[in-house]
Structure formats: structure tokens, C-alpha cells
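Colleague: Could you take me through one part of this model in close-up? I'd like to hear about a single loop residue and how its surroundings tie into the rest of the chain.

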Amino acid sequence: MTTLTDRTGPLAEPTSHHGLRLVDAGGRMWRVVDRGGRIVGHVQTFRDADVLQYHALRYSTRIRRFFELGRFWTLDEAVSCLHYSR
């Protein structure tokens, strides 16, 4: 059984998934950056009824706001979504 805990501070160590780095973006959000330093998207955590979910977000310059790509049970799934949806 996996226990999910809410993050209250910055990541303990730099994290990398699929060659993407996660950078603390404040609060409950990480910025997902590729090897070239380009922002791929963001992952935000939400707690709903004691369940922690990870939301993969992408910013659209056309509509000037974030839009959600999906909600996931793990951070790795959310980052994978951003990686494969480029």
C-alpha cells in the first residue's frame, strides 16, 4: 500500500522524470523543465476528501491561462503526461 502525503515545503532533493527536472514553484506547485531549460508545464497538488491528486497543467499563451491535461494519483504519472503530450 502506498501512502500519499501532502508536501508542505520544497522538495527534499532535485527530482528528475523522463529527463525533465522539477523545480519548486511555490505552495503546492512544481515547474517541469526540460534539459534545454524550457518550461514544459506545471504539476499542482490538490487534496480532496483526504486523497492527494497531482494535476498536470500547461500554460496557453493564446488564451493566457493554465489548462488542465489530467489528474493523476502519482507525481510520475503527471510528469509523464506532460512529457508525452508535447
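Modeller: Here is a walk from one loop aspartate out to the core and the whole chain. Bear in mind that this is a predicted model.

Let's start with Asp-34, which sits in the loop joining strand 3 (29-33) to strand 4 (39-48). Although Asp-34 is in a loop, its relative accessibility is 6%, and because the cut-off for buried is under 20%, Asp-34 counts as buried.

What does the side chain of Asp-34 do in there? One of its polar atoms lies 3.0 Å from the backbone nitrogen of Gly-36. The side chain also reaches the backbone nitrogen of Arg-38, at 2.8 Å. Arg-38 comes up again through a salt bridge with Asp-34, where the closest N and O atoms are 3.2 Å apart. The two partners of that bridge sit quite differently: Asp-34 is buried at 6%, whereas Arg-38 is exposed, with a relative accessible area of 56%.

Looking past the neighbours within four places in sequence, Asp-34 is in contact with Gly-19, Leu-20, Val-40 and Arg-86. Of these, Leu-20 falls in strand 2 (20-24) and Val-40 in strand 4 (39-48).

How many salt bridges does the whole structure have? A search finds 2. Besides the Asp-34 and Arg-38 pair, there is one between the side chains of Arg-71 and Glu-68, at 3.0 Å from N to O. Here Arg-71 is exposed at 53% relative accessibility, while Glu-68 is partly exposed at 38%. So this bridge has no buried partner, given that buried means under 20%.

Now for the core. The largest nonpolar core has 15 residues, and those with the most contacts inside it are Val-32, Val-43, Tyr-54, Leu-75 and Val-79. Strand 2 (20-24), strand 3, strand 4, strand 5 (51-60) and helix 1 each give two or more residues to this core. Helix 1 provides the largest share, with 5 residues. Strands 3 and 4, which flank the loop of Asp-34, are thus both among the contributors.

Val-43 is a good place to see how these pieces meet. Again leaving out neighbours within four places in sequence, Val-43 touches Arg-28, Met-29, Trp-30, Val-32, Tyr-54, His-55, Leu-75, Ala-78, Val-79 and Leu-82. That list includes Val-32, Tyr-54, Leu-75 and Val-79, which are also named among the residues with the most contacts inside the core.

From the helix side, take Ala-78, which belongs to helix 1 (residues 75-84). Ala-78 is buried, with a relative accessible area of 0%. Beyond four places in sequence, its contacts are Val-43, Tyr-54, Ala-56 and Phe-72. Ala-78 also lies 9.2 Å from Gln-44, C-alpha to C-alpha, with their positions 34 residues apart in sequence.

Stepping back, the protein chain has 1 helix and 6 strands, and the order from the N terminus is β-β-β-β-β-β-α. Of its 86 residues, 35% count as buried. Among contacts with a separation of 6 or more, 29% join residues 24 or more positions apart. The chain exposes about 5800 Å², with carbon and sulfur atoms supplying 50% of that area.

Conventions. Residues are numbered from 1 along each chain as its sequence is written. This is a predicted model: local features need pLDDT of at least 70, side-chain atom pairs count only at pLDDT 80 or more; totals for chains, interfaces and linings use all residues. Side-chain values use heavy atoms; hydrogens and water are left out. Helices (H or I, at least four residues) and strands (E, at least two) are DSSP runs, numbered from the N terminus. Buried means under 20% relative accessible area, exposed over 50%, partly exposed in between (1.4 Å probe, protein chains only). A polar contact is a pair of N or O atoms within 3.5 Å; within protein, one must be able to donate a hydrogen and the other to accept it, and residues adjacent in sequence count only if both atoms are side-chain atoms. Contact means heavy atoms within 4.5 Å. A salt bridge is a side-chain nitrogen of Lys or Arg within 4 Å of a carboxyl oxygen of Asp or Glu. A nonpolar core is a set of buried Ala, Val, Leu, Ile, Met, Phe, Trp, Tyr and Cys residues joined through side-chain atoms within 4.5 Å. Accessible areas come from the Shrake-Rupley method with a 1.4 Å probe; for residues, only the protein chains shown count as cover.
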